[in-house]
Amino acid sequence: MAEENPTALWVERTGTRAYTGRSSRGAEVLIAGQGVPGAFTPGELLKIALAGCSGLSADFSLSRKLGDDFDATIRVSGDADRENEVYTQLDESFELDLSELDDVARERLLVAVQRAIDKVCTVGRTLEAGTKVNLNFDVEA
C-alpha cells in the first residue's frame, strides 16, 4: 500500500564529495567521504537507518514494560567488502538495563522485542532480502 503523502527525499551537492540529504519535513543530514568531520558516509547512514528502525520497532514493547523514560542504545557495525562494495553482515547490539526484571520477564520482553523488529522493521526486512543481519542484546541482568 502506497503512502498517501510520502516524504520527499533528496541530496544536494555541497562540495567536493559532500552532499546534504534533505526531506520535505525539514530534516537534514550531511553526507561525505570517510574522515570528513560532521558528516556521515552513505554506509554509516545505512547502518544508522537499521539501528534506528530497530529501535523504533521495539520502542512500544520496551516502553510498555520499562516505562516511557527507559534508556536504550543500539550499536551497529559491519565492515564493507571493498572488493565487491557490499556489506555481507551487519551486527546490532541493544544495550538495555533490564536489572529490574526477573529472568522470566526479561526473556519474555526480549522475545517480544525480537518479534516486533522482525515484523515491522522495514530497513532490516529489506536488508535481509540480500544481507545477513545479526541482532544480539547486551543487557545488564
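Is Asp59 buried, partly exposed or exposed? With a relative accessibility of 36%, Asp59 counts as partly exposed. Keep in mind that this is a predicted model. Here's a quick tour, from the overall layout down to individual side-chain contacts.

**Overall layout**

- The protein has 3 helices and 8 strands.
- Going along the sequence, the elements come in the order β-β-β-α-β-β-β-β-α-α-β.
- Measured out along the principal axes, the box filled by the C-alpha atoms is roughly 55 × 40 × 30 Å.
- Of the 141 residues in the protein, 31% are buried.

**Asp59 and the negative patch**

- Asp59 sits in helix α1, which covers residues 42-66.
- Asp59 also belongs to a negative surface patch, together with Asp68, Asp69, Asp71, Asp97, Glu100, Asp138 and Glu140.
- The 36% figure puts Asp59 in the partly exposed class because that class lies between the 20% and 50% limits.
- A residue needs over 30% relative accessible area to join a patch, and Asp59 is at 36%.

**The aromatic pair**

- Searching the whole structure turns up 1 aromatic pair.
- The partners are Phe94 and Phe137, with ring centres 5.5 Å apart and 40° between the planes, so the pair goes down as tilted.
- Phe94 comes from strand β7 (residues 89-97) and Phe137 from strand β8 (residues 132-140), so this contact links distant parts of the chain, 43 residues apart.
- How do the two rings fare for exposure? Phe94 is buried, at 1% relative accessibility, whereas Phe137 is partly exposed, with a relative accessible area of 23%.

**Salt bridges**

- The structure has 5 salt bridges, and a few of them are picked out here.
- Arg22 and Glu12 are joined through their side chains, at 2.9 Å from N to O.
- That pair ties together parts 10 residues apart in sequence, because Arg22 is in strand β2 (residues 18-23) while Glu12 is in strand β1 (residues 9-15).
- Glu12 is partly exposed, its relative accessible area being 33%.
- Asp103 and Arg106 make another salt bridge, with an N to O distance of 2.2 Å.
- Both of these residues lie in helix α2 (residues 103-120), and since they are 3 residues apart, about one helical turn separates them.
- Asp103 is exposed at 56% relative accessibility, but its partner Arg106 is buried at 11%.
- Elsewhere, shared partners knit Glu12, Arg22 and Glu28 into one salt-bridge network.
- Glu85 and Arg82 also pair up, at 2.8 Å from N to O, and both of these residues are exposed.

**Gln89**

- Gln89 is part of strand β7, the strand that also holds Phe94.
- With a relative accessible area of 29%, Gln89 counts as partly exposed.
- Gln89 and Leu110 are 21 residues apart along the chain, and 22 Å separates their C-alpha atoms.

Terms used
Residues are numbered from 1 along each chain as its sequence is written. This is a predicted model: local features need pLDDT of at least 70, side-chain atom pairs count only at pLDDT 80 or more; totals for chains, interfaces and linings use all residues. Side-chain values use heavy atoms; hydrogens and water are left out. Patches are made of residues with over 30% relative accessible area and no salt bridge: like charges are joined within 9 Å, nonpolar side chains (Val, Leu, Ile, Met, Phe, Trp, Tyr) within 5 Å. Accessible areas come from the Shrake-Rupley method with a 1.4 Å probe; for residues, only the protein chains shown count as cover. A salt bridge is a side-chain nitrogen of Lys or Arg within 4 Å of a carboxyl oxygen of Asp or Glu. Lys and Arg count as positive and Asp and Glu as negative; His and the chain ends are not counted. The place of a charge is taken as NZ of Lys, CZ of Arg, CG of Asp or CD of Glu. Helices (H or I, at least four residues) and strands (E, at least two) are DSSP runs, numbered from the N terminus. Buried means under 20% relative accessible area, exposed over 50%, partly exposed in between (1.4 Å probe, protein chains only). Rings of Phe, Tyr and Trp (its six-membered ring) pair if their centres lie within 6.5 Å; planes under 30 degrees apart count as stacked, over 60 as edge-to-face and the rest as tilted.
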